[in-house]
Amino acid sequence: MRFEEVPCESTMLCADKIEMKALINFYLNEASKEDKDKLYSAARHIRDVNDGPRVFLRGLIEFSSFCRNDCFYCGLCSTNRNAVRYRMSAQEILETIEEGYKLGFRSFVLQSGEDPYYFSGRLTEIVSESKRQFPNIAVTLSVGVLDPVLYLELFRAGADRFLLRHETADENHFAKLHDASQHFSLRKESLESMKQIGYQIGAGFMVGSPFQNVDTLTEDFLFLRSLAPHMVGMGPFRPHQDTIFSRFPQGSAEDTLVLTALCRLMLPKVMLPVTTALASCDIKYRTDAFRAGANVMMPCLTPQKYRDSYAIYDGKLSSLSEAAENVVQIKAQILTEGLRAEMSRGDHFDFRD
Ligand code: SF4
């Protein structure tokens, strides 16, 4: 099926499963360069009209490379004996936040593998202490699936946002990517319960993950539409040499741009990051993602000595144009795209005063 017109928000919101699949299939597999350019232009316009031509910067701190899970695509999976494991202490994390604060960041993402070491009070203390020392920052957690009680405890300690990629909304596909202890339904329930608690929530998935197809992507879009998260992270699958998916091909950067634009049209106010995975394919895709409607970037604040050890895929970019210490150059580059770099808390539209 050919789509002469770029779909608007109501088309995306009203599309049934068959229509959504046709739309995704067209833009991924049949659209001309001109069709895609029109799509990107519409997505860019929707972003600018709804939330201004700006990019929100968040400092990313990868504080632990330990993980109890075995996601078959990830270099930090528990079965990878070659992975270098580290944990940052509470003091190190707070000092890193302070460094970022001095650079101008007011939004921080604390990310780790699913590491129970922090779950019995340590992470709660880190969050509450960071909010005590820096009351005007926003704290986003990206630490995996937790006991439901912990979501509330961390929210009460001051966590503002929680990123938990669902990875695929198709149960069969999910089972092909993860060990048997993990289920899509658990991630879905976690996201829904965090939304109820009051978090700004983020979902998302890899583009081009093994066994992904237009049907599974359709499920992803229908799931995102019903969940209506505040953030959606999409990055191309990139293999890691020590995983069972090491020989699978990398996901397509161009498909990532197409899906980013479609997501912007479906959820006009959503925060859409340019992922490091996309920039790691080629730095030029970062600019392309801004042109396709993305509006968030998360420069790496992780201390230098740990950066290479947070190896979730091969060839991950964590220096130069992805490094928080180069924020001046990052802001300058954003400006050349006609966009403004925002270092504020960067809340989702619905969470601002
Ligand atoms: S993707 Fe996350 S939960 Fe899965 S193995 Fe990697 S760090 Fe752990």
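Q: How many bridges must DSSP find between two strands if they are to pair?
A: Two strands pair if DSSP finds at least two bridges between them. In this predicted model, strand β3 (residues 107-112) and strand β4 (residues 138-142) run parallel and are joined by five bridges. One residue illustrates the idea: leucine 110 has leucine 141 of β4 as its bridge partner.

Q: Through what do the strands of a sheet pair?
A: Strands of a sheet pair through backbone hydrogen bonds, and the pairing is either parallel or antiparallel. Here, six strands build an open sheet with parallel pairing, in the order β2-β3-β4-β5-β6-β7.

Q: Why is one side of β2 and one side of β7 left without a neighbour in the sheet?
A: β2 (59-64) and β7 (231-236) are the edge strands; each has a single partner strand, so one of its sides has no neighbour in the sheet. As for the twist of this sheet, neighbouring strands are turned against each other by 20° on average, with direction ignored.

Q: What is the order of the strands in the open sheet of four strands?
A: The order is β8-β9-β1-β10, and the pairing is parallel. The edges are held by β8 (273-274) and β10, each of which has a single partner strand, so one side of each lacks a neighbour in the sheet.

Q: Over how many bridges do β1 and β10 pair?
A: Strand β1 (residues 54-57) pairs with strand β10 (residues 340-342) in the parallel sense over three bridges. Within β10, glutamate 342 is the bridge partner of phenylalanine 56. β1 also pairs with strand β9 (residues 296-297), in the parallel sense and over two bridges. There, phenylalanine 56 stands opposite valine 296. Finally, β8 and β9 run parallel and are joined by two bridges, with methionine 297 of β9 as the bridge partner of valine 274.

Q: How many helices and how many strands does the secondary structure of the protein contain?
A: The secondary structure comprises 14 helices and ten strands. A pair of helices may be described by the angle of the axes, the handedness of the crossing and the residues in contact. Consider helix α4 (residues 90-103) and helix α5 (residues 122-133), whose axes are 10 Å apart and pack at an angle of about 35°. The crossing of α4 past α5 is right-handed. In this contact, α4 contributes Ala90, Ile93, Leu94 and Ile97, while α5 contributes Arg122, Glu125, Ile126, Glu129, Ser130 and Gln133. Sorted by character, these residues are five nonpolar, two polar and three charged.

Q: At roughly what angle do the axes of α6 and α8 cross?
A: The axes of helix α6 (residues 148-157) and helix α8 (residues 184-197) cross at roughly 30° and come within 10 Å. This crossing is right-handed. From α6 the contact takes Pro148, Tyr151, Leu152 and Phe155, and from α8 it takes Ser193, Met194 and Ile197. Six of these residues are nonpolar, one is polar and none is charged.

Q: Is the crossing of α2 past α10 left-handed or right-handed?
A: α2 passes α10 in a right-handed crossing. Helix α2 (residues 17-30) and helix α10 (residues 253-266) have axes that come within 10 Å and cross at roughly 145°. Ile24, Tyr27 and Leu28 of α2 meet Asp255, Val258 and Leu262 of α10. Five residues of this contact are nonpolar, none is polar and one is charged.

Q: Which residues surround the ligand?
A: The shell consists of Cys67, Asn69, Cys71, Cys74, Leu76, Cys77, Gly113, Glu114, Gly144 and Ile312. In character, the shell divides into six nonpolar residues, three polar residues and one charged residue.

Q: Why does the radius of gyration of the protein agree with that of a compact globule?
A: For 353 residues, a compact globule would have a radius of gyration near 20 Å; the protein has 19 Å, which agrees. Along the principal axes, the C-alpha atoms fill a box of roughly 55 × 45 × 35 Å.

Technical notes: Residues numbered from 1 in each chain as written. Predicted model: local features only at pLDDT ≥ 70, side-chain atom pairs only at ≥ 80, totals over all residues. Axes fitted to C-alpha atoms, helices over the stretch in contact; angles between N-to-C directions. Left-handed = near helix turned anticlockwise from the far one by under 90°. Contact = placed C-beta atoms within 7 Å. Nonpolar A, V, L, I, M, F, W, Y, C, P; charged D, E, K, R; others polar. Near = placed C-beta within 6 Å. Rg over C-alpha atoms; globule rule 2.2 N^0.38 Å.
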